Amino acid sequence: VQLQASGGGLVQPGGSLRLSCAASGSIFKTNAMGWYRQAPGKQRELVATIISGGGTNYADSVKGRFTISRDNAKNTVYLHMNGLNPEDTAVYYCNANVIDDRYVRSTYWGPGTQVTVSS
């Protein structure tokens, strides 16, 4: 199973970006999916998660600005980011809890995509 993220880049303060992350491989079912981020010199932190039924959880710092969604048929999770500010600058990592075709449950991480908010 592999995760591939896309959509990062450079954006001005107040701008928007959408990140995508698709899981591929021998997947039986994808459970919770999420986004984490790591800024320089800081620990990786939770941004948002979403379960297969659609329930979501957000870090306080992004509530009201970011929206996580998913397409279960495509095993893809999205992060819509609005009102970006320089404090959102980080490498963003997607994460997925997957049951593979051998019915083994594992957690996978994507390689990370850089988001830079700067004027």
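A residue counts as exposed when its relative accessible area is over 50%, as buried when that area is under 20%, and as partly exposed in between. The legends below use these words in that sense, and the model they describe is predicted.

**Figure 1. Overall view of the predicted chain, an all-strand arrangement with zero helices and eleven strands.**
Read along the sequence, the pattern is β-β-β-β-β-β-β-β-β-β-β. The radius of gyration is 14 Å, close to the 14 Å that the globule rule gives for 119 residues, so the chain is as compact as a globular protein of that length. The C-alpha trace spans about 50 × 25 × 20 Å along its principal axes. Of the 119 residues, 41% are buried. Where contacts join residues at least 6 apart in sequence, 54% of them link residues at least 24 apart. The chain presents an accessible surface of about 6200 Å², and carbon and sulfur atoms account for 47% of that surface.

**Figure 2. Close-up of phenylalanine 28 and tyrosine 103, one of two aromatic pairs in the structure.**
The two rings meet edge-to-face, with 4.9 Å from centre to centre and 70° between the planes. Phenylalanine 28 belongs to strand E4 (residues 27-38), while tyrosine 103 lies in the loop between strand E9 (90-100) and strand E10 (105-109). The pair therefore links distant parts of the chain, given that its members are 75 residues apart. Phenylalanine 28 is exposed because its relative accessible area is 51%, against a cut-off of 50%. Tyrosine 103 is likewise exposed, with a relative accessible area of 59%.

**Figure 3. Close-up of tyrosine 36 and tryptophan 109, an edge-to-face aromatic pair.**
The ring centres are 5.0 Å apart and the planes are at 65°. An angle over 60 degrees is what places a pair in the edge-to-face class. Tyrosine 36 is in strand E4 and tryptophan 109 in strand E10, 73 residues apart, and the pair links distant parts of the chain. Tryptophan 109 has a relative accessibility of 39%, so this residue counts as partly exposed.

**Figure 4. Close-up of arginine 44, whose charged end sits over the ring of tyrosine 93 and over the ring of tryptophan 109.**
From the charged end of arginine 44 to the ring centre of tyrosine 93 the distance is 3.7 Å. To the ring centre of tryptophan 109 the distance is 4.7 Å. Tryptophan 109 also forms the aromatic pair with tyrosine 36 shown in Figure 3.

Key:
Residues are numbered from 1 along each chain as its sequence is written. This is a predicted model: local features need pLDDT of at least 70, side-chain atom pairs count only at pLDDT 80 or more; totals for chains, interfaces and linings use all residues. Side-chain values use heavy atoms; hydrogens and water are left out. Rings of Phe, Tyr and Trp (its six-membered ring) pair if their centres lie within 6.5 Å; planes under 30 degrees apart count as stacked, over 60 as edge-to-face and the rest as tilted. Helices (H or I, at least four residues) and strands (E, at least two) are DSSP runs, numbered from the N terminus. Buried means under 20% relative accessible area, exposed over 50%, partly exposed in between (1.4 Å probe, protein chains only). A charge sits over a ring if NZ of Lys or CZ of Arg is within 6 Å of the ring centre and within 35 degrees of the ring normal. The radius of gyration is taken over C-alpha atoms; the globule rule is 2.2 Å times the number of residues to the power 0.38. Contact means heavy atoms within 4.5 Å. Accessible areas come from the Shrake-Rupley method with a 1.4 Å probe; for residues, only the protein chains shown count as cover.
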